[in-house]
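Thank you for sharing this structure with me for comment. Please keep it open beside these notes while you read.

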Amino acid sequence: MTETRTTPLVELRHMKKAFGGIHAVDDVSIDLYPGEVVGVLGHNGAGKSVLMKLLSGAERRDGGQIFIDGREVDINTPRDARDLGIETIYQTLALADNLDAAANLFLGRELVTATGMLDDARMEAETRKIMARLNPNFRRYTTPVAGLSGGQRQSVAIARAVYFNARILIMDEPTAALGVQETRMVAELIVELKRQGLGIFLIDHDIHAVKQLCDRASVMKNGRLVGTVKVDEVTEDDLLGMIILGKMPEHLAA
Amino acid sequence: MTDTAPPPAVPAKRSLFAQLELDNRLLGMIGAFVLVAIMFNILTDGRFLTPRNIFNLTIQTVSVAIMATGMVFIIVSRHIDLSVGSVLATTSAVMAMVQTVVTPDWLGLGLNHPATAPIAILAGLAVGVAIGAFHGWMVGYLGIPAFIVTLGGLLVWRNVAWYVTRGQTIGPLDETFQLFGGINGTLGETASWIIGALAAVAAVAALLNDRRRKQAHDFPVKPLWAEATVAVIVVGAIMGFIAVLNSYEIPTRRLARMFEARGETMPEGYTAAYGLPISVLLLIAVAVVMTVIARRTRLGRYIYANGGNPDAALLAGINTRFLTVKVFAIMGFLCALSAVVASARQTFHSNDIGTLDELRVIAAAVIGGTALSGGIGTIHGAILGALIMQSLQSGMAMVGVDTPFQNIVVGAVLVLAVLIDTIYRKRLGVRT
Ligand SMILES: Nc1ncnc2c1ncn2[C@@H]1O[C@H](COP(=O)(O)OP(=O)(O)OP(=O)(O)O)[C@@H](O)[C@H]1O
Ligand SMILES: [Mg+2]
């Protein structure tokens with residue numbers, strides 16, 4: 001983080017979303033700068049996923065404004081978000097089990113030949129290239145992803161975001177289903193993507209990982225924002241207190 | 001990206017058979033079909049595998065097979081269409097009325113005008129697409145389950161058909177139109193051979209093209225001998241099929257009548273074969289187009305993705321509602337196409353046309369390996385499924401099994417096929 005903060009990459013202002021009577025997201029404002037990782041924390045059902053879905057277009061917001069590079073944008077569908085360079089890695093893996101890795105990676109953005117037919121060979125070649133970078137152990141290119149392990153599937157989902165040069169990456173518990181080694185792989189990847197200047201929202205229940213990977217953390221409770229802190233200025237216990245009690249740590253409270 | 005791809009894993013030494021890379025599931029179905037055919041051939045003292053019976057079998061299969069290809073897309077999308085037999089009836093009724101009332105009387109073209117068949121068929125296809133799209137809209141946009149929409153459709157369209165014709169049998173149909181029925185429209189020997197040769201060339205070209213595309217990206221390809229073996233099998237199958245159809249000769253009396261109709265007399269000792277029926281050619285065209293849609297187009301990719309994981313499709317920015325409309329519209333189109341074949345085959349439109357076809361069509365798709373849980377199914381599988389069912393039915397009829405028992409067997413086979421499929425998938429470790 002530099003001191004001379006310019007325009008935020010993403011700014012969410014007063015976001016609101018209710019399901020029936022439940023205020024899943026209630027007047028939450030957070031922002032994200034290029035090359036920054038912002039952790040989004042909170043207990044189960046705090047509204048983290050819903051907040052991120054409002055940004056990724058998977059849910060339509062009831063109120064609030066979204067700014068990208070300081071310009072207000074309207075995101076109503078996943079396609080809108082994609083067009084703005086926002087890629088999401090979902091908590092519930094958004095892969096079509098019956099298709100292979102390449103088909104999933106290019107889903108919705110297929111490469112086609114001059115005659116408009118799918119160019120599966122080229123898509124597979126591109127998939128091999130990107131996977132060689134992200135997960136060199138990956139081998140199963142022609143089988144449906146249903147047969148892959150959780151980590152392999154996750155790397156397909158991440159490859160999708162990386163391949164299409166996302167500027168803003170939303171990772172909703174990207175390591176929830178992964179083993180130790182794959183978790184480390186994802187962590188390394190986050191560091192690498194951050195260095196490339198991407199902005200990343202990371203939802204994770206592992207406070208320790210958040211302390212290590214994130215620059216700032218925004219904590220939610222019952223749909224409301226408790227506060228946003230720089231992770232270097234708080235302890236893990238402070239973060240836990242914010243999550244459980246919903247109060248800012250004393251040395252930071254105004 | 002300057003990185004180069006890792007060298008694809010070198011396959012371990014494999015058996016010669018494995019190197020052919022044939023589709024096991026397809027082989028299994030062909031095996032089942034061959035078994036059924038041989039069994040009936042023995043039971044009927046060789047009457048089952050005569051050119052005449054094979055010819056009949058193919059033309060009897062066409063109508064259900066055409067619809068089964070559309071049902072694959074429907075079931076892959078996790079929907080069902082119970083209305084296909086009724087939609088077939090409505091489109092058939094519309095086409096029958098167009099060619100017996102609208103064109104001859106309203107448009108004043110008289111009977112058997114060359115424009116009659118095209119006008120009638122276009123009208124039928126338009127109605128089929130409209131009905132299908134309407135079903136798809138109710139499923140996709142209004143969120144009514146396809147089972148309910150098409151169960152309603154089953155009743156509605158069967159009886160709309162009745163009102164279109166006032167419950168009458170309409171016929172005889174236009175002469176050109178009747179060419180699509182099977183025996184009344186065949187290509188004859190020479191044209192059949194030409195079509196067969198063209199198909200063989202196209203198949204080999206497709207194999208080569210596939211190979212070249214893989215090589216362009218340094219993917220492993222089959223050894224040349226394996227590729228050649230597959231090509232020989234494919235070409236052999238195509239030419240063998242044409243040879244069989246070309247050896248079914250038109251009975252002398254029928255030939256004589258054909259010459260009489262043209263005001264000529266038949267030369268002594270003249271013979272001619274039926275050759276490839278136009279209806280079968282139509283089915284082949286449908287199979288090719290549907291396979292290309294399934295494998296090579298975005299539409300097909302989205303249909304399968306949506307069936308595999310609707311959420312993933314939605315999050316990938318696919319308009320899944322409109323996709324549903326398209327899938328049902330394709331089904332409606334194919335119902336109308338089947339209606340052409342079915343009504344042309346009986347040379348008239350009858351009220352009961354297409355009755356119970358929904359069950360045959362769904363059974364064909366399912367026997368052909370389409371999974372009701374969605375996301376899985378092939379076009380060629382569904383056609384083979386239709387062929388297997390028709391073979392069972394015809395074979396049992398030839399052996400003299402009574403109709404109730406025929407239906408019992410077909411029902412049991414359906415359940416058995418799905419059981420085998422389930423076990424096969426479990427063994428492969430594919431989650432469904
Ligand atoms: N589609 C939906 N329909 C109705 N309620 C929903 C929907 N999605 C989320 N909710 C509700 O909104 C609230 C916030 O859910 P959300 O998924 O954002 O929680 P979360 O913070 O991501 O929790 P977790 O850590 O368990 O993933 C919950 O009460 C949840 O039940
Ligand atoms: Mg969540």
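The points below go from the contact between the chains to the domains and then to single residues.

1. Before anything else, please bear in mind that this is a predicted model. Every remark that follows concerns that predicted model.

2. The interface between the two chains is a good place to start, and here 29 residues of chain B are in contact with 37 residues of chain A. Chain B and chain A bury about 3,000 Å² between them, and 62% of that area is on carbon and sulfur atoms.

3. Charged and polar links also cross this interface, where the count is three salt bridges between chain B and chain A. The side chains of A:Asp120 and B:Arg301 form a salt bridge, with 3.0 Å from N to O. Nine residue pairs, both members at pLDDT 80 or more, are found in polar contact across the interface of chain B and chain A. On the side of chain B that touches chain A, helix H11 (278-296), helix H12 (298-308) and helix H13 (310-315) of chain B each supply at least two residues, and the largest share, six residues, comes from H12(B). Sorted by class, that side of chain B has 16 nonpolar, six polar and seven charged residues.

4. Within chain B, the assignment gives domain 1 (45-183 + 300-428) and domain 2 (186-276), and the C-alpha centres of these two domains of chain B lie 26 Å apart. Seven residues of domain 1 of chain B are in contact with nine residues of domain 2 of chain B, and the two domains bury about 750 Å² between them, 74% of it on carbon and sulfur atoms. On the domain 1 side, B:Pro51, B:Phe55 and B:Ile183 lose the most area to domain 2 of chain B, and together they account for 63% of what that side buries.

5. Which links are counted between these domains of chain B? The count is zero salt bridges, and zero residue pairs in polar contact are found, with both at pLDDT 80 or more. The side of domain 1 of chain B that touches domain 2 of chain B divides into four nonpolar residues, two polar and one charged.

6. B:Gln390 has its place in helix H16 (residues 379-399) of chain B. B:Gln390 counts as buried because its relative accessible area is 18%, under the cut-off of 20%. Its side chain is joined to that of B:Gln60 by a polar contact of 3.2 Å, and, leaving aside neighbours within four places in sequence, B:Gln390 is in contact with B:Leu57, B:Gln60 and B:Thr61.

7. In chain A, A:His208 lies in helix H7 (residues 207-213) and is partly exposed, with a relative accessible area of 44%.

Technical notes. Residues numbered from 1 in each chain as written. Chains lettered and ligands numbered in written order. Predicted model: local features only at pLDDT ≥ 70, side-chain atom pairs only at ≥ 80, totals over all residues. Heavy atoms only, no water. Helix = DSSP H or I, 4+ residues; strand = E, 2+ residues; numbered from the N terminus. Buried < 20%, exposed > 50% of the residue type's maximum accessible area, 1.4 Å probe, protein only. Polar contact = N/O pair within 3.5 Å; in protein donor to acceptor, adjacent residues only side chain to side chain. Contact = heavy atoms within 4.5 Å. Buried area = accessible area lost by both parts, 1.4 Å probe. Salt bridge = Lys/Arg side-chain N within 4 Å of Asp/Glu carboxyl O. Nonpolar A, V, L, I, M, F, W, Y, C, P; charged D, E, K, R; others polar. Domains from an automatic or database assignment.
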